[in-house]
Amino acid sequence: MASKNGNWEAVLFAMLARNFGTVINADAFEALASVLDFKIIRKLGLQKDQLEIVLLGLAGLLSETAEEQEPGSWKEECEYNKHKYQLVTGINQKVQFYKLRPPNFPTIRLSQLAQFYEQRTDLFSLVIAAKTRAQVQELFKIETSFYWETQYYFGKIHKSDLNKYSGIYKYLNN
C-alpha cells in the first residue's frame, strides 16, 4: 500500500479508509485516501468537518445536494479546498449504496472516518498506550457528524434512534 509521501501515517490512514469502506466500498475508500497527500489530510482534520466535506466531495457524493442548505454549503467548501490544495476532481472508483444497509452507506462511513481522524490524530500512539482490550475498543467508538444523526443520504430523514458507531467498534466489541 503506497502513499504519496511514504510515511506510516499515510499508510495507516489508507488502511483505515479501506476498512471503513467495508467489503463493497473498500477499493473506493482506499482510492480516496491515496489521492490525498497526508499533509492535506492532517490540515483538513484540524478544521471541523472539512475532511468529511472533502472526502464526500471527492467520492462524488455532493453533486446532488444543492436543495439543502448545509450540504449545499459543503459543496462550495469542497470546491474551495480542491482549489486551495490543488486536489484532483475525484476518484476512478464509484462508491456503492447497492447491497448495503443504511448504517453502512458510504455517506455514513465517510463521516465516521473523518470524525475518527479528527478526534484521533495520534491513533498509533493511543493504540500502543492502551493496556486493555476495553481501552482499544473505546478508541474505535466513533459517531458520525451531526448532520448524519437524522439522515443516511442527502435529503432523506430517518429517526435518530439508530446507533451510528463505526463498524470497527462493533467488531472489536465481540
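This is a stop-by-stop tour of one predicted chain, with a selection to make at each stop.

**Before you start**

The model is predicted, so local features need pLDDT of at least 70 and side-chain atom pairs count only at pLDDT 80 or more, while totals for chains, interfaces and linings use all residues. Residues are numbered from 1 along each chain as its sequence is written, and side-chain values use heavy atoms, with hydrogens and water left out.

**Stop 1: the whole chain**

Select everything and show the cartoon. There are 9 helices and 2 strands. Both are DSSP runs numbered from the N terminus: helices are H or I with at least four residues, strands are E with at least two. Read along the sequence, the order is α-α-α-α-α-α-α-α-β-β-α.

Now colour by burial. Of the 174 residues, 48% are buried. Buried means under 20% relative accessible area, exposed means over 50%, and partly exposed lies in between (1.4 Å probe, protein chains only).

Switch to the surface. The chain exposes about 9,700 Å², with carbon and sulfur atoms supplying 52% of it. These areas come from the Shrake-Rupley method with a 1.4 Å probe; for residues, only the protein chains shown count as cover.

Next, contacts (heavy atoms within 4.5 Å). Among those with a separation of 6 or more, 67% link residues 24 or more positions apart.

**Stop 2: helix H2**

Select residues 22–35, which form H2. This helix has 14 residues and reaches 19 Å from first C-alpha to last. The expected span is close to that, at 20 Å for 1.5 Å a residue. That expectation is 1.5 Å times one less than the number of residues.

Centre the view on Ala28. Here H2 has a kink of about 30 degrees. The bend at a residue is the angle between axes fitted to the seven residues ending there and the seven starting there.

Show the side chains of H2. Its buried residues are Asn25, Ala26, Ala28, Phe29, Glu30, Ala31, Leu32, Ala33 and Val35. Add the cover, which includes H1, H3 (38–45), H4 (50–58) and H6 (106–119).

Pick Ala26, in helix H2. This residue is buried, with a relative accessible area of 8%. Apart from neighbours within four places in sequence, Ala26 is in contact with Arg18 and Gly21. Draw a distance to Gln93 as well: Ala26 and Gln93 are 67 residues apart in sequence, yet 9.9 Å apart in space, C-alpha to C-alpha.

**Stop 3: salt bridges**

The structure holds 5 salt bridges. Each is a side-chain nitrogen of Lys or Arg within 4 Å of a carboxyl oxygen of Asp or Glu.

Select Arg18, Asp27 and Glu30. Arg18 meets Asp27 at 2.8 Å, N to O. Arg18 also bridges to Glu30, where the closest N and O atoms are 2.7 Å apart. Arg18 lies in H1 (residues 8–20) and Glu30 in H2, so this pair ties together parts that are 12 residues apart in sequence. Check the burial of each partner. Arg18 is partly exposed at 29% relative accessibility, and Asp27 is partly exposed at 43%. Glu30 is buried at 19%.

Move to Lys82 and Glu79 in helix H5 (residues 69–85). Their closest N and O atoms are 3.6 Å apart. The two residues are 3 apart in the helix, a separation of about one helical turn. Lys82 counts as buried at 13%, while Glu79 is partly exposed at 40%. Go back to the earlier trio: salt bridges that share partners join Arg18, Asp27 and Glu30 into one network.

**Stop 4: a nonpolar patch**

Select Trp8, Phe124 and Ile128 and return to the surface. They make a nonpolar patch of about 360 Å². Trp8 is found in helix H1. Patches are made of residues with over 30% relative accessible area and no salt bridge; like charges are joined within 9 Å, nonpolar side chains (Val, Leu, Ile, Met, Phe, Trp, Tyr) within 5 Å.

**Stop 5: two positive phi angles**

Most residues other than glycine have a negative phi. Two places to look follow.

Select Asp49, in the loop between H3 and H4. Its phi is positive, about 65 degrees, although Asp49 is not a glycine. Asp49 is buried, at 18% relative accessibility.

Finish at Gln86, in the loop between H5 and H6. The phi of Gln86 is near 55 degrees, again a positive value in a residue other than glycine. Gln86 counts as exposed, at 72%.
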